[in-house]
Amino acid sequence: TLAMGIWCVDTLIHAVCDIFKIGQKQEKQRRLICYGGFLASAFLAYGCMVWSKHYSVDSFNVMYDMSPFWHMQLGRYTNCGTILWAQFLGLNQVISQQLFMMLWIIVLATTMWVIYYSIMDLSGPMTLTGKLLTAGAVVLSFVNVFTMELMLFPEMAMVLLLGNLALGLSVRSALEENGWKKWVASAVSLSIALGCYQSYIGIYEAFVLAGIYLKFREQPKKRYQQSVIALMVGGGVSLFNVVLVKVLLKAGFIADSGRGASISWEVIQSNIRELILYQLKFWTNADGILPEAGMLLIGIVTLIGLVVIFVKAKGGEERLFLAVMLTAAYGLGYAPHLIESRIDLSPRSNVAIWAVIAVVWILAVIVFFQDSKPIVRKWSNVLVASVIMVQILTMQDMAANEQAMNAIDILEADQIANKIEQYEEETGNTVSKIAITYDQNPTIYQ
């Protein structure tokens with residue numbers, strides 16, 4: 001894990017120097033201001049988690065047992081190593097959640113900034129409205145209700161630090177100049193990211209394939225070659241993740257989590273059916289999170305973007321490439337669930353899908369809307385800004401609801417503690433263990 005951290009810092013320094021290597025002082029200042037914009041958007045969305053503490057269903061247990069090897073059972077070796085280091089340093093995921101959440105926000109802004117300029121450096125000259133639209137699409141990839149649902153488990157802030165940073169660096173490395181070294185660097189960073197959260201594979205492929213399209217749009221052969229390599233890198237790192245868990249399980253180093261990968265055709269068929277049925281819940285209201293038909297409206301806008309992209313694409317070959325690219329990226333966003341032995345879909349299962357939506361918007365802006373009428377670009381910016389604001393407002397509501405539930409949980413825990421103390425005083429017995437059983441006279445149904 002220490003080596004992972006050193007790798008990420010070294011690669012980040014290289015990426016930052018690369019982003020600032022341009023000679024013009026004004027452009028360097030603009031790029032620095034742009035980072036401030038990404039940081040502001042991340043803090044506006046997630047700052048409430050820094051302002052006050054939140055607790056998930058797992059937090060009170062994690063407070064006393066961070067269970068590093070449970071993460072290893074799920075293939076999250078980066079998380080396991082991070083927690084082992086935290087234990088060595090006397091840090092706790094839950095108790096120090098505000099510190100880690102602040103650090104995670106900074107890392108998140110850095111990831112968005114690195115990905116943004118990885119795309120922008122390939123897009124050529126662009127108007128200010130085009131740049132704003134592209135930045136807004138990148139923000140939506142990470143500032144959304146699905147990521148918030150993940151971060152409502154505040155213990156994740158600490159373990160996501162390395163993974164989020166490595167994700168942005170893996171995209172940057174893959175889109176650098178030609179050569180096999182960039183793919184090795186990208187694979188190393190991606191292995192760190194997937195060892196944190198496997199669904200990041202969808203975000204990686206979405207942005208890398210979009211970058212390859214922009215970079216080699218006029219070179220179909222090169223475009224396909226690089227895209228195949230990108231898919232092979234993602235597939236290889238994902239396979240390593242699965243095989244590592246299987247080997248450690250076989251060797252007896254870890255226990256079976258009950259949620260590990262399965263290559264049984266019956267399991268895969270069943271999971272495919274579940275994922276197809278789940279799409280209805282997702283595109284109706286974001287699995288119950290966004291306002292009624294919120295995702296449906298976003299889906300319509302995305303569909304319009306797709307129509308524009310395919311209508312204005314140069315011939316059948318380019319249309320085929322775009323169709324395969326977007327389908328692959330969308331499917332890979334759910335790939336970890338495809339081979340899950342016991343599929344468990346929740347809003348955080350969709351963290352990668354916003355990247356696919358963002359890529360559609362980015363391609364529509366960079367490739368096709370760049371020369372459109374100013375009024376079109378203006379209202380496109382209004383649309384993106386509105387979607388971001390709806391996301392952020394919903395995220396604040398989610399955080400407030402969680403805090404209200406936390407207050408009830410703490411009140412109930414205090415009541416139980418008072419009863420235990422009363423029992424100990426009255427009987428002289430010391431309670432050392434607490435068990436949960438069914439209520440002899442349940443009132444919940446009355």
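This passage looks at the overall build of the protein and then at its aromatic contacts. The model is a predicted one.

Starting with the fold as a whole, the protein is built from 19 helices and has zero strands. Its radius of gyration is 23 Å, close to the 22 Å that the globule rule gives for 446 residues, so the protein is as compact as a globular protein of that length. Laid along its principal axes, the C-alpha trace spans about 80 × 50 × 50 Å. Of the 446 residues, 51% count as buried. As for what the outside is made of, the accessible surface comes to about 21,900 Å², and carbon and sulfur atoms supply 66% of that. Contacts across the sequence are well represented too: among contacts with a separation of 6 or more, 80% come from residues 24 or more positions apart.

Now for the rings. The structure holds twelve aromatic pairs. One of them is Tyr-77 with Phe-240, whose ring centres sit 6.0 Å apart with the planes at 75°; that angle is over 60 degrees, so the pair counts as edge-to-face. This pair ties together distant parts of the chain, with Tyr-77 in helix H6 (residues 77–89) and Phe-240 in helix H13 (residues 220–250), 163 residues apart. What about solvent? Tyr-77 is buried, at a relative accessible area of 10%, whereas Phe-240 is partly exposed, at 43%.

Helix H13 turns up again in another pair, this time through Tyr-224, which meets Phe-321 of helix H16 (residues 315–333). These two residues are 97 residues apart, so to speak a second link between distant parts of the chain. The ring centres of Tyr-224 and Phe-321 lie 5.3 Å apart and the planes stand at 90°, so this pair is edge-to-face as well. Tyr-224 is partly exposed, with a relative accessible area of 31%. Phe-321, on the other hand, has a relative accessibility of 4%; the cut-off for buried is under 20%, so Phe-321 falls on the buried side.

Phe-321 has a further partner in the form of a charged side chain. Arg-223 lies over the face of the Phe-321 ring, at 4.8 Å from the ring centre. The Phe-321 ring is thus paired with Tyr-224 and also has Arg-223 over its face.

Elsewhere, aromatic residues gather in a group. Phe-20, Tyr-35, Phe-38, Trp-113, Tyr-116 and Tyr-117 form one aromatic cluster.

Methods:
Residues numbered from 1 in each chain as written. Predicted model: local features only at pLDDT ≥ 70, side-chain atom pairs only at ≥ 80, totals over all residues. Heavy atoms only, no water. Phe/Tyr/Trp six-rings, centres within 6.5 Å; stacked < 30°, edge-to-face > 60°. Helix = DSSP H or I, 4+ residues; strand = E, 2+ residues; numbered from the N terminus. Buried < 20%, exposed > 50% of the residue type's maximum accessible area, 1.4 Å probe, protein only. Lys NZ or Arg CZ within 6 Å of the ring centre and 35° of its normal. Rg over C-alpha atoms; globule rule 2.2 N^0.38 Å. Contact = heavy atoms within 4.5 Å. Areas by Shrake-Rupley, 256 points an atom, 1.4 Å probe, with all protein chains shown as cover.
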